[in-house]
Amino acid sequence: METDLLDAVAAWQGAELPPERATFLLARLQADAEFRAAFTAEIWMLSLLRVAQAPPPRWLELYEKLGLGPQRSPDSQGTLERGVMAAVVRRPFQLVQSWWRLAAVGAAAVATVLGLLLLWPKPTVKTPALPPLAEVLLVESARWATARPPQRGDVLGRGQINLQSGRVTLLLPKGVLLTIEGPTDLELLTFNRVLCHRGRIRTRVPRGAEGFCVETPRGTATDLGTEMGVTVAADGTTHVGVFEGVVLASMKQPVQDGVRTQTLRPGEAVRMSPGTGEFQPAGMKNFPAAPDIPLPPLSLPADYQATILAAQPRHYWRLNRSTREGLIPDEIANGIDLQSMGPVQLQADAGGRVSSLLGKGNDPSGFVATRPWLMQQAGAAVEMWFATTTCGHSTLTSSAPNAESGRQFSLLEFATQFPDFVVPGGHREANLPSSSQTTSLVPGRLRFLTRSPADKAGGVNLVSDPGTAPFVWHHVVAQRKNREIALYVDGRRLASGICDPVAFETPCALLFGFSMGFTYKGEETAPGRQLHGRLAEIAIYDRVLTPEEIRQHAALGGKKQP
């Protein structure tokens with residue numbers, strides 16, 4: 001069954017869809033007669049089954065549930081039909097929930113509703129624009145079969161992608177990275193589903209975006225939070241391999257309705273043959289290489305250092321030089337140096353500015369303060385520039401009782417998804433941004449956590465709305481004044497709250513680029529949530545910054561608020 005038809009039938013049966021997805025399906029029902037006919041045939045059969053199993057109609061309860069007016073029996077069948085039609089117009093995907101629960105209104109009313117869908121009038125207002133589904137992050141020697149080839153930064157909606165040669169990497173709304181290597185014929189269907197007719201692709205799915213599905217002519221590969229490759233030959237033979245995580249591969253069996261499935265783990269690959277319906281072991285060589293997406297240069301003026309020093313931070317690390325002992329010096333006299341941990345590189349970007357490059361090796365990398373920082377009860381702030389090259393959990397900084405502790409006083413991290421707790425907007429990550437509101441996909445969030453005393457759980461979280469993009473430099477400030485906490489990104493205040501009381505003066509170990517106690521391998525105190533990307537210009541304050549100071553510092557890096 002076509003994916004749009006499957007989603008429409010699921011919505012008719014009460015399944016929840018993202019608002020933009022429901023809007024798209026309604027628009028297609030209105031404009032596509034063939035799609036309406038197919039949809040009608042499906043729900044007609046479902047309706048007949050429900051009606052055949054239903055007890056006698058209960059008109060009073062039907063009227064009450066559908067909000068059709070006074071609670072009385074209808075004077076005629078026509079009155080009922082007119083009322084049901086009005087209810088459908090108001091709530092086209094919600095009627096079924098009351099319908100099934102009330103045991104059906106009879107075959108005549110069913111036919112009326114289906115007829116209404118078939119004859120649905122064209123809207124008098126402009127159909128909403130389809131939401132963006134991907135942003136072009138990287139184009140490598142690409143040759144397209146289109147008149148206007150997409151360029152880096154372009155936003156793509158639902159539709160066909162026909163890449164004749166070269167490679168292209170796309171960013172999807174939930175942080176999925178999709179690399180396509182030509183020749184490939186692929187369709188973007190939804191924010192978590194693509195259809196590959198033929199070609200070679202590679203996906204990386206961050207934690208929280210599990211369930212991303214690559215459909216093929218006769219099978220699927222569902223990514224359960226991992227990195228996988230999929231190759232589809234011209235005859236439909238599909239090759240699926242797992243680089244990291246777990247993948248569920250499934251294939252339609254020939255000349256029957258059965259589906260064969262197999263769970264694949266890291267290093268495992270299978271070849272799915274549509275002619276026989278069999279899985280055969282295969283190698284891991286027939287997939288695109290992982291993309292290396294460059295970060296833009298961090299453009300700061302020569303007087304940026306003087307501006308930060310004028311704000312009188314307690315500690316300030318530029319992360320652009322090290323001592324003979326390999327320490328990152330504090331720009332404040334008698335300050336605290338940072339000790340490098342793991343494969344840290346101090347490297348110039350394309351613009352010549354040196355900053356720290358983290359997460360390039362297999363071992364954790366970051367910085368640890370060589371002695372404790374005394375966190376004051378009255379207030380504190382941390383300010384930095386960062387850019388990530390992945391969409392999973394990435395620790396920017398944490399404070400803990402000591403450098404080996406899995407407990408934190410505070411934590412500042414980036415991710416495209418935070419699935420472990422409710423975030424502002426009620427799971428807004430499922431609601432794709434409207435193309436009328438944005439010209440690019442901005443799936444990332446920041447999380448600022450405070451705890452008192454330090455612990456492994458609990459505390460107060462500030463989680464920003466989506467708007468912090470990977471592969472882009474961002475200025476961030478997380479601060480606390482007594483018990484009031486606030487989070488700023490690129491000069492704009494995104495979230496605020498009230499935390500638990502803080503002790504008068506608390507010694508804290510400072511960690512940057514990773515945190516202890518966050519790992520998915522079972523070791524409670526192992527480094528985890530590694531930042532893959534760059535850090536620069538970290539400052540710690542024993543006070544809060546004013547909104548004017550924050551806007552000024554962000555503007556020096558080109559982050560100006562309208």
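Here is a short walk through a predicted model, stop by stop.

**Stop one: an aromatic pair.** Select Phe243 and Phe287. A search of the whole structure turns up three aromatic pairs, and this one is edge-to-face, with 6.0 Å centre to centre and 80° between the planes. The two rings come from distant parts of the chain, 44 residues apart: Phe243 sits in strand 9 (residues 238-244), while Phe287 belongs to the loop between strand 13 (278-281) and helix 8 (304-310). Now colour by accessibility. Phe287 is buried, at 7% relative accessible area, whereas Phe243 is partly exposed at 28%.

**Stop two: Arg202.** Keep Phe243 on screen and add Arg202. What does Arg202 lie over? The face of Phe243, at 3.6 Å from the ring centre.

**Stop three: Thr226.** Jump to the loop between strand 7 (219-223) and strand 8 (227-232), where you'll find Thr226. Is Thr226 buried or exposed? Its relative accessibility is 3%, under the 20% cut-off, so Thr226 counts as buried. Show polar contacts next: the Thr226 side chain reaches the backbone nitrogen of Gly245 at 3.0 Å. Leaving aside neighbours within four places in sequence, the residues in contact with Thr226 include Thr203, Arg204, Val242 and Glu244.

**Last stop: helix 2.** Select residues 19-31, the 13 residues of helix 2. From first C-alpha to last, helix 2 reaches 18 Å, close to the 18 Å expected at 1.5 Å a residue. Try showing its buried side chains: Arg21, Ala22, Phe24, Leu25, Ala27, Leu29 and Gln30. As you look down the axis, remember that an α-helix has 3.6 residues a turn, so residues three or four places apart point the same way.

Technical notes: Residues numbered from 1 in each chain as written. Predicted model: local features only at pLDDT ≥ 70, side-chain atom pairs only at ≥ 80, totals over all residues. Heavy atoms only, no water. Phe/Tyr/Trp six-rings, centres within 6.5 Å; stacked < 30°, edge-to-face > 60°. Helix = DSSP H or I, 4+ residues; strand = E, 2+ residues; numbered from the N terminus. Buried < 20%, exposed > 50% of the residue type's maximum accessible area, 1.4 Å probe, protein only. Lys NZ or Arg CZ within 6 Å of the ring centre and 35° of its normal. Expected span 1.5 Å × (residues − 1). Polar contact = N/O pair within 3.5 Å; in protein donor to acceptor, adjacent residues only side chain to side chain. Contact = heavy atoms within 4.5 Å.
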